[in-house]
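Colleague: Could you walk me slowly through one part of this model and what surrounds it? I am new to this, so please connect the pieces for me as you go.

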Amino acid sequence: MTATPDLVSENRSFGGWHRRFSHRSEVLNCDMTFAAFLPPQAETETVPVFWWLSGLTCTDENFMQKAGAHRVAADLGIAIVCPDTSPRGTDLPGEHDSYDLGSGAGFYVNATREPWSRHYRMFDYVAAELPDVVGGLLPVDPMRAAISGHSMGGHGALVLALRQPGRYRSVSAFAPIVNPMDCPWGEKAFTAYLGDDREEWEAYDACALVEAGAKAGNPRQPLFIDQGEADGFLDEQLKPERLEDVCEKHDHPLMMRRQTGYDHSYFFIASFIEDHLRYHGEHLRK
């Protein structure tokens, strides 16, 4: 039986509570930390949950402290859960050598290559283990869940939703890596974690998943994305036009908003997080 997570810290926020927990992850084979914001409504009822996946180099703290999401979540009665972005404390060879591989860069995949496969199974952690932990700890309704994320986390949110049709009521993303099979960040991470067989990569590529889902006749999960037009990673890493093209080809519902003058930072996220939370709130109330 999984041990009850330990409370690391808590802060009162907009009538609710921001709490950080640590727990032993059997999937990742290490100790992990995650954060949760519980709105005031959670004191008397079970509330829906909004999963946020962060980007490269981040932890649970970036979103909770910089995004300005607590006020709107408190108003809507939605809990927020933020996992970490990779296993911690494993000290694998080369794990801390670069910002885009290893520590802080789990890419939400299940690694199949050594030494990463011993710990780097972030897809299973976010899809299965952590929801079980949260469901046993907090007054949230796992059947009323939404997911979003930024950059690498936006990639993770899209992949988790597209691979599990119907699991989330709604999905959105900020500046996601939509085609990691064909960008420097994704190619570096996928080669290390998954090996050289590009067919294995397709399970973690939003563009490939939209294509595969259309061929399989899967339910079409509507996608909502904000992308800053002044994002320094736009052309080399993010390539949103590729997702636009494949969604148009297969009539997959996509709302892509191009935001003039906005970059890749949390100023961008904070500017539009209310739109995303209210979008998810509409779906979570259904």
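Modeller: Happy to! Let's settle some words before we start: a residue is buried when its relative accessible area is under 20%, exposed when it is over 50%, and partly exposed in between. Please also keep in mind that this is a predicted model.

Try the words out on Arg71. Its relative accessibility is 40%, so Arg71 counts as partly exposed. Arg71 forms a salt bridge with Glu274, and the closest N and O atoms of the two are 3.0 Å apart. Arg71 belongs to helix H2 (residues 70-76) and Glu274 to helix H10 (residues 266-285), so this pair ties together parts that are 203 residues apart in sequence. Glu274 has a relative accessible area of 28%, so Glu274 is partly exposed as well. The two also belong to a network of salt bridges that links Arg71, Asp75, Glu274 and Arg278.

Now for the part I'd like to show you closely: the sheet. In general, the strands of a sheet pair through backbone hydrogen bonds, in either a parallel or an antiparallel way. Here nine strands form an open sheet, in the order E1-E2-E3-E5-E4-E6-E7-E8-E9, and the pairing is mixed. Why is one side of E1 and of strand E9 (254-259) left without a neighbour in the sheet? Both stand at the edges and have a single partner strand each, so there is no neighbour on the other side. On average, neighbouring strands of this sheet are turned by 20 degrees against each other, direction ignored.

Let's begin at the E1 edge. Strand E1 (residues 6-13) and strand E2 (residues 16-25) run antiparallel and are joined by seven bridges. Within this pair, Ser9 faces Arg20 of E2. The two strands make a hairpin with two residues between them, and Phe14 in the turn has a positive phi of about 50 degrees. Moving one strand along, E2 is joined to strand E3 (residues 30-38) by nine bridges, and these strands are antiparallel too. One residue to look for is Arg19, whose bridge partner in E3 is Ala36.

Next, what lies on the sheet? Helix H3 (residues 122-137) packs on it, touching E2, E3, strand E4 (47-53), strand E5 (79-82) and strand E6 (140-149), and the direction of H3 makes about 120 degrees with that of E2.

The loop between E5 and H3 is worth a stop. Tyr108 is placed there, and so is Pro115. Tyr108 has a positive phi of about 55 degrees although Tyr108 is not a glycine. With a relative accessible area of 1%, Tyr108 is buried. Glu114 and Pro115 are joined by a cis peptide bond, with omega at about 0 degrees.

Another loop leads from strand E7 (170-174) to helix H5 (184-194), and Ala175 is found in this loop. The phi of Ala175 is near 45 degrees, again a positive value in a residue other than glycine. Ala175 has 0% relative accessibility, so it counts as buried.

Finally, let's go to the other edge. There helix H9 (240-249) lies across strand E8 (223-228) and E9, running at about 150 degrees to E9. These two strands hold the partners of a salt bridge: Arg257 and Asp226 come together with their closest N and O atoms 2.8 Å apart. Arg257 sits in strand E9 and Asp226 in strand E8, so-called distant parts of the chain, 31 residues apart. Arg257 is partly exposed, at 24% relative accessible area, whereas Asp226 is buried, at 0%.

Just before H9 comes Lys239, in the loop between helix H8 (234-238) and H9. Which side chain of opposite charge is nearest to Lys239? It is Asp182, 4.4 Å away, and the buried Lys239 has no salt bridge. A salt bridge needs the two atoms within 4 Å. Still, a polar atom of the Lys239 side chain lies 2.8 Å from the backbone oxygen of Asp182. Leaving out residues up to four places away in sequence, Lys239 touches Val178, Asp182, Cys183 and Leu234.

Terms used. Residues numbered from 1 in each chain as written. Predicted model: local features only at pLDDT ≥ 70, side-chain atom pairs only at ≥ 80, totals over all residues. Heavy atoms only, no water. Helix = DSSP H or I, 4+ residues; strand = E, 2+ residues; numbered from the N terminus. Buried < 20%, exposed > 50% of the residue type's maximum accessible area, 1.4 Å probe, protein only. Lys, Arg positive; Asp, Glu negative; His and termini not counted. Polar contact = N/O pair within 3.5 Å; in protein donor to acceptor, adjacent residues only side chain to side chain. Contact = heavy atoms within 4.5 Å. Pairing = 2+ DSSP bridges. Axes fitted to C-alpha atoms, helices over the stretch in contact; angles between N-to-C directions.
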